[in-house]
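Here is a friendly walk through the structure below, with an eye on backbone angles, burial and helix packing. Keep the viewer open and follow along.

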Amino acid sequence: MSAAILIDITRCIGCEECVLACKEENDLGPDRLRKGQEAVDGLSATRFSTILRKPDDHFVRQQCRHCLEPACVSACLVGAMQKTPEGAVVYDSELCMGCRYCLVACPYGIPRYEWDEAAPLVRKCHLCHHRVVEGREPACVESCPEDALLFGERDQLLAEAHRRIADNPDTYVNHVYGETEVGGTSVLYLSDISLGFLGWAENLGEGDLPHLTWASLKKVPGVIVGMGGLMGAIYWVVNRRMKMAARAADGGAGMDVAAPMDGAGSPETAATDAEATASTTESQESGDDDD
Amino acid sequence: MTDRLTTLKTVLWALVGVLASVTVIRFMYGLGAVTDLSDAAPWGLWIGFDVMSGVALAAGGFVLAGIVYIFGLERYRPFVRAAILTALLGYAAVAVGLLYDLGLPWRIWHPMVNWQYHSVLFEVAMCVMLYLTVLFLEFLPVILEHRFFQGRVFQNVMKGLKRISILLVIAGIVLSTLHQSSLGSLFLITPFRLHPLWYSPIIYVLFFISAVGLGLMTVVLESLFSNYFLGHKIHIREISGLGLAAGIVLWVYLALRLGDLAMRGLLGMAFEGTWQSNLFLFEIGVSALIPATLMMFKRIRSHIAGVGVAAAMVVGGMILHRIDVSIIAFARPEGVSYFPTWEEFAVSIGIVAGGILIFLFFVENLRVFEDVEGHPPEPEREPAATTLHPLLPKPLALPKNYSIAFVLGAVLALPFLPLGGVDPVPVPTQEPRTVEAVILDPGLSQPRILGLARAEEGLPEEIRAVFSGEMEASLESGDLPAEMTLDTTRVLMLDGDRDGDLVLFDHDDHAQRLGEEQSCATCHHLNHPLDQNTSCFECHSDMFDGRSVFDHDVHVAELGDSDSCIQCHTGESEVKSYETTTTCNECHQSEIQRKAFVDPPPEHWGDAVGYMDAMHGLCVECHEVKAAQTAGPGPNPEGLDRCMTCHDVDWREDVRKMEPGRQVDVDNDDRMAGSSSSRTPGQ
């Protein structure tokens with residue numbers, strides 16, 4: 001159901017065939033960069049994937065992880081980022097309004113922006129979604145001469161990854177990167193070196209990120225009801241007290257200090273109260289208008 | 001009307017003028033032309049100041065409305081209209097700032113039709129939009145008071161608004177609570193990027209509480225402002241009351257912020273002496289601790305200077321807090337910095353200046369300060385005395401100073417703006433070069449180990465370090481085998497895939513080990529001619545050469561867009577395809593000869609040949625010689641001078657698959673044999 005890529009770092013020879021295949025498939029054109037665009041990991045609006053060179057001939061492919069619970073999808077306020085059932089996190093350029101919250105939210109720092117366009121878009125790997133729905137492999141996987149990239153069902157790839165670790169426990173770090181990180185990703189890494197550098201944190205943890213936001217968002221209805229009710233109640237109490245004080249002081253003279261407001265804010269307010277307040281309000285306001 | 005006010009307005013108009021110029025460039029050429037934003041720093045000053053701080057500064061509106069209308073504290077009524085107006089203009093400024101910051105600002109309405117309840121930013125967008133409407137309705141009665149709106153319709157609207165005004169106030173408070181806190185919630189999803197001293201699971205509570213304190217202090221500053229510039233009466237008793245309230249709120253904020261850090265065991269981090277910890281301490285001190293302490297003393301808060309200083313500290317400190325969260329303490333990769341360009345500052349400042357001008361306009365024309373009996377309008381000046389020219393339309397001619405300031409500001413900004421847009425830099429590449437290298441020959445069957453003989457000028461620093469560093473390290477460590485000899489040779493330095501990683505390629509050594517002259521074809525014809533990525537890795541897994549051999553776009557650009565077609569596709573009636581083009585060497589003949597592989601440039605930094613040129617150096621010349629021999633007038637019957645003779649028609653597919661055997665076929669052809677073997681490639 002959910003497609004994924006397994007990247008075996010130990011097999012990658014760093015030839016960048018996948019990078020070029022990606023460029024060709026997505027018609028990305030030559031690289032042109034501004035300060036900071038390539039500084040992170042070589043990704044840019046014209047490079048959806050890249051190879052990071054690490055000491056001792058370790059080549060680590062950098063690309064969108066297509067998280068199972070993507071932070072960018074959760075962050076996007078117009079629904080331009082979507083996780084497809086096929087596994088890819090895709091971007092709809094027709095919906096995007098360019099707030100760049102996805103760039104902020106991504107725990108891996110993947111999405112890139114076309115800073116030099118007058119009408120810029122977010123650019124990132126989309127797991128060749130158009131090919132996958134046709135039943136083909138992503139261009140990068142197809143191009144890899146060393147079978148360092150493997151495309152398939154996420155479950156099967158996970159099984160394959162664990163099989164490889166079991167077969168060569170001395171070679172691999174005993175961890176499939178992406179199996180559990182931030183809720184799991186659709187791009188998995190097998191490696192003989194630690195890949196902590198691939199995210200914003202050395203250890204990203206297992207919890208997905210959208211639930212952190214949800215902790216605050218789920219309180220919204222409560223805040224609406226609570227704050228609205230509280231303010232209404234306070235208003236009702238204060239208003240009533242003032243009216244009583246005014247009445248006690250002396251009939252109409254004290255009415256001037258009453259809050260010049262309708263009592264509709266508190267549902268409990270008796271209709272008579274409301275009408276009385278309204279009438280005082282209007283009389284006072286019309287008095288104000290004279291000057 | 002005071003001179004102060006005139007000066008202030010003149011300056012503000014000039015700033016708006018600068019804004020106007022920057023605006024044009026911003027929307028013509030995009031964010032990259034005027035900002036320092038990058039993929040590593042996607043949010044900058046316009047979010048950190050205009051949006052995050054702007055919303056917080058406008059918190060005075062809902063706080064004062066609550067105090068007066070809900071809690072019935074009537075003595076604060078003189079502030080409430082000004083506070084609501086400030087909030088209204090503040091939120092309008094936020095919206096305008098967003099228009100600058102959004103990549104596609106004309107889609108700012110998208111959230112309204114495409115609800116994404118899971119996004120904090122969606123909540124913020126909806127709340128801000130609704131609250132802006134609420135604020136407008138809250139302020140509308142003040143506008144309708146103006147004598148212009150004495151009509152019956154307007155007065156009915158006014159009555160209706162007053163009936164629902166308490167509902168508006170409550171809605172305003174609820175909406176403010178939601179989005180003031182949600183601006184903090186925005187960063188809940190970035191636990192790995194926001195520094196732990198600022199990240200907190202309750203960051204939304206902190207944002208809300210601090211906004212309340214900040215809102216109160218903004219009202220204080222605002223009334224001091226109106227006293228200074230407009231000569232309004234100072235309500236010192238109420239101001240000191242606001243100061244006290246702000247102080248108490250700030251203590252709550254401090255307790256929550258520090259308590260939260262302490263409970264999670266992170267408080268110690270504040271004293272680690274890193275720049276983040278120092279920034280944290282400074283921010284806490286300025287934004288909360290010092291002013292909150294000051295406000296606890298009656299003598300200080302009863303004095304204009306005392307409460308004014310505290311208010312200024314809170315306002316400055318809380319703006320710093322918002323900017324810390326969204327920019328400074330927000331992680332960027334090492335080596336990437338962000339500092340706003342002057343254009344970013346100009347936009348932020350210009351929007352504020354415009355807001356103040358509108359504020360002043362309302363103050364002068366409406367009863368914004370309820371205790372002031374209509375503000376004396378600016379004295380109308382004699383047009384004849386001040387206008388540039390009596391023919392100018394009146395609005396331009398009348399307040400001459402302001403128009404001039406505006407135009408002057410706009411014009412003065414022009415020389416500093418990238419009027420032609422900003423071209424992104426092509427990825428810097430290292431052309432192949434011949435350099436002097438040291439051979440560390442272990443005398444074994446392994447390939448020779450090379451190191452740069454000297455630090456080459458023009459090399460990127462880090463690469464120079466790698467090449468010469470390795471050398472020096474192995475020399476110093478004394479690990480060199482005794483039989484190792486030090487010798488120098490000239491080699492090619494290649495940046496095969498143009499990623500800045502360089503390889504020292506010893507061509508002589510290759511030729512020697514692979515069989516001298518017979519070896520050329522091993523490499524040069526084993527590879528795929530004209531392939532977009534020459535696969536060095538078929539022999540070496542650590543050497544790469546990715547290069548686009550024929551770039552149609554480059555040719556089009558070089559030769560001049562639409563005019564260029566017929567320069568290569570000469571036959572007018574023919575289909576424009578690879579079959580019908582002129583041959584490469586018709587244009588590039590001299591170049592091929594000059595850069596031929598067999599003639600490496602002698603200079604120290606001379607250009608070395610690229611792969612394609614090496615190939616052509618081996619083949620093309622013979623082809624041309626042979627073509628000249630066999631050809632009569634007209635096209636060469638064998639097509640020897642055409643690229644397509646060797647490079648098949650569908651260059652994208654067939655050329656890629658072209659087999660080395662093709663060269664052998666040609667070699668076996670006796671017409672070519674003589675000239676081919678007579679050539680001696682190699683350095």
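## Two chains, a few close-ups

Val182(A) is found in the loop of chain A that runs between α6 (154-167) and β10 (187-190). This is a predicted model, so please read every value here as computed from predicted coordinates. The phi angle of Val182(A) is near 35°, a positive value in a residue other than glycine. Is Val182(A) buried or exposed? With 25 C-beta neighbours inside 10 Å, Val182(A) counts as buried, because the threshold for that class is 20 or more.

Chain A offers another residue of interest in Asp27(A), which sits in the loop between α1 (17-25) and β2 (32-33). Asp27(A) is not a glycine, yet its phi is positive, at about 55°. Asp27(A) has 7 other C-beta atoms within 10 Å and is exposed, because 12 or fewer such neighbours put a residue in that class.

For the wider setting, the table puts the chains side by side.

| Chain | Helices and strands | Buried residues | Contacts between residues 24 or more positions apart, among those with a separation of 6 or more |
|---|---|---|---|
| Chain A | nine helices, 10 strands | 49% of 291 residues | 58% |
| Chain B | 29 helices, seven strands | 39% of 683 residues | 72% |

### Helix α5 of chain B

Now let us move to chain B and its helix α5(B), which covers residues 77-101. What end-to-end span should its 25 residues give? At 1.5 Å a residue, the expected value is 36 Å, and the end C-alpha atoms of α5(B) are 36 Å apart, which agrees. The helix is also mostly covered, with 19 of its 25 residues buried.

One partner of α5(B) is α4(B), residues 60-70, and the two axes come within 8 Å and cross at roughly 150°. That angle makes α4(B) roughly antiparallel to α5(B), because the class takes in angles over 145 degrees. The crossing of α4(B) past α5(B) is left-handed. On the α4(B) side the contact is made by Gly60(B), Gly61(B), Phe62(B), Leu64(B), Ala65(B) and Val68(B). The α5(B) side supplies Arg77(B), Phe79(B), Val80(B), Ala83(B), Ile84(B), Thr86(B) and Ala87(B). Sorted by class, this contact of α4(B) with α5(B) has nine nonpolar, three polar and one charged residues.

Another partner of α5(B) is α10(B), residues 203-230, whose axis comes within 10 Å of that of α5(B) and crosses it at roughly 105°. Here α5(B) is roughly perpendicular to α10(B), because angles of 65 to 115 degrees count that way. From α5(B), the residues in the contact are Phe79(B), Ala82(B), Ala83(B) and Thr86(B). From α10(B), they are Thr218(B), Val219(B), Glu222(B), Ser223(B) and Ser226(B). The classes in the contact of α5(B) with α10(B) come out as four nonpolar, four polar and one charged. As background for reading such lists, an α-helix has 3.6 residues a turn, so residues three or four places apart point the same way.

### The loop before α10, and a further helix pair

Just ahead in the chain, Ser200(B) lies in the loop between α9 (165-185) and α10 of chain B. Ser200(B) counts as buried, with 22 C-beta neighbours inside 10 Å. Which residues does Ser200(B) touch, not counting those up to four places away in sequence? They are Leu206(B) and Asp260(B). By contrast, Tyr91(B) is 109 residues away from Ser200(B) along the chain, and their C-alpha atoms are separated by 26 Å.

The last stop is the pair formed by α11(B), residues 236-263, and α12(B), residues 275-294. Their axes come within 9 Å and cross at roughly 135°, and α11(B) and α12(B) are therefore oblique to each other. The crossing of α11(B) and α12(B) is left-handed. In α11(B), the residues Gly247(B), Leu250(B), Trp251(B), Tyr253(B) and Leu254(B) meet Ala288(B), Leu289(B), Pro291(B) and Ala292(B) in α12(B). The contact of α11(B) with α12(B) divides into eight nonpolar residues, one polar and no charged.

Note on methods. Residues numbered from 1 in each chain as written. Chains lettered and ligands numbered in written order. Predicted model: local features only at pLDDT ≥ 70, side-chain atom pairs only at ≥ 80, totals over all residues. Helix = DSSP H or I, 4+ residues; strand = E, 2+ residues; numbered from the N terminus. Expected span 1.5 Å × (residues − 1). Contact = placed C-beta atoms within 7 Å. Axes fitted to C-alpha atoms, helices over the stretch in contact; angles between N-to-C directions. Parallel < 35°, antiparallel > 145°, perpendicular 65-115°, else oblique. Left-handed = near helix turned anticlockwise from the far one by under 90°. Nonpolar A, V, L, I, M, F, W, Y, C, P; charged D, E, K, R; others polar.
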